[in-house]
Amino acid sequence: MAYLTYKWLHIVSVISWMAGLLYLYRLFVYHSDWGKKSSDNHDMLLVMEKRLLHFITLPAMLVAWVAGISLIVLNPDLMKAGWMHSKLLLVVILTGVTHWGIRLHKNYKNGKASYSSKTLRFVNEIPTILMLVIVALVIFRPF
């Protein structure tokens, strides 16, 4: 029963993490487009980014990591599978994308944002691509 509970918790937290990341990078696009036009827009977007990071994205990421590690502890045979090693590498990269989002938020807060909305629109697709590959690895277990 514990394994299924951790599995459920892992899936729910990953969904929340992904939702937070996708919305966060979309907020950065808006910030790049509209934040320079008005200090009110800038301030509102900063609040939205901060709340999204601190109340959804980061807690969900931490729960996903804890639940995922718990699944491995409960079933150590998972680490014998090549697909799991690939998945973990991609999850580390996804964690890096999350931390890059934290840095981008801080740059907007400090007035040092330097990415165009076009670049941020491209970057917004990275979490989606990582998610698609991670889910494919889990479902199809190719190696």
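The following is an exchange between a trainee and a mentor on how the terms used for this predicted model are justified.

Trainee: What should be known about the model before reading values from it?

Mentor: This is a predicted model, in which local features need pLDDT of at least 70, side-chain atom pairs count only at pLDDT 80 or more, and totals for chains, interfaces and linings use all residues. Residues are numbered from 1 along each chain as its sequence is written, and side-chain values use heavy atoms, with hydrogens and water left out.

Trainee: What makes a stretch of the chain a helix or a strand here?

Mentor: Both are DSSP runs numbered from the N terminus: H or I over at least four residues for a helix, E over at least two for a strand. By that rule the protein chain has five helices and zero strands, and its elements run α-α-α-α-α from the N terminus on. The C-alpha atoms fill a box of roughly 55 × 25 × 20 Å along the principal axes.

Trainee: How do you know that the span of helix 3 is close to the expected one?

Mentor: The expected span is 1.5 Å times one less than the number of residues. Helix 3 has 28 residues, for which 40 Å is expected, and it reaches 41 Å from its first C-alpha to its last. After helix 3 comes G111, with a positive phi near 75°.

Trainee: Why is H105 called buried?

Mentor: Buried means under 20% relative accessible area, exposed means over 50%, and partly exposed lies in between (1.4 Å probe, protein chains only). H105, in helix 3, has a relative accessible area of 8%, so it is buried. In the protein chain, 37% of the 143 residues count as buried.

Trainee: Why are S86 and V92 placed in another class, partly exposed?

Mentor: S86 has 23% relative accessibility, so it counts as partly exposed. V92 has 47%, so it is partly exposed as well. S86 lies in helix 3, and V92 is in helix 3 too.

Trainee: What makes two residues a contact, and which ones does H105 have?

Mentor: Contact means heavy atoms within 4.5 Å. Leaving aside neighbours within four places in sequence, H105 is in contact with F28, L46, E49, K50 and L53. F28, with such neighbours again left aside, has E49, G101, L104, H105, Y108 and L120 as contacts. On the same terms, S86 touches L137 and F143. Among contacts between residues at least 6 apart in sequence, 81% join residues at least 24 apart.

Trainee: What makes a group of residues a nonpolar core?

Mentor: A nonpolar core is a set of buried Ala, Val, Leu, Ile, Met, Phe, Trp, Tyr and Cys residues joined through side-chain atoms within 4.5 Å. The largest such core has 33 residues, of which W17, Y25, F28, W83, L94 and L120 touch the most other members. Helix 1 (2-34), helix 2 (39-74), helix 3, helix 4 (117-123) and helix 5 (126-140) each give two or more residues to this core.

Trainee: Which residues make the nonpolar surface patch, and what admits them?

Mentor: Patch residues have over 30% relative accessible area and no salt bridge; like charges are joined within 9 Å, and nonpolar side chains (Val, Leu, Ile, Met, Phe, Trp, Tyr) within 5 Å. Y6, W8, L9, V12, V63 and L74 make a nonpolar patch of about 510 Å². Helix 1 and helix 2 each give two or more residues to the patch, and helix 1 gives the most, with four. One of the patch residues, W8, has a relative accessible area of 54%, so it is exposed.

Trainee: How do you know that D33 and R121 form a salt bridge?

Mentor: A salt bridge is a side-chain nitrogen of Lys or Arg within 4 Å of a carboxyl oxygen of Asp or Glu. The N to O distance for D33 and R121 is 3.3 Å. D33 lies in helix 1 and R121 in helix 4, so the pair ties together parts that are 88 residues apart in sequence. D33 is partly exposed at 25% relative accessibility, and R121 is partly exposed at 36%.

Trainee: How many salt bridges does the structure hold?

Mentor: The structure holds two. D77 also forms a salt bridge with K80, where the closest N and O atoms are 3.2 Å apart. D77 counts as partly exposed because its relative accessibility is 47%, whereas K80, with 69%, is exposed.

Note on methods: Accessible areas come from the Shrake-Rupley method with a 1.4 Å probe; for residues, only the protein chains shown count as cover.
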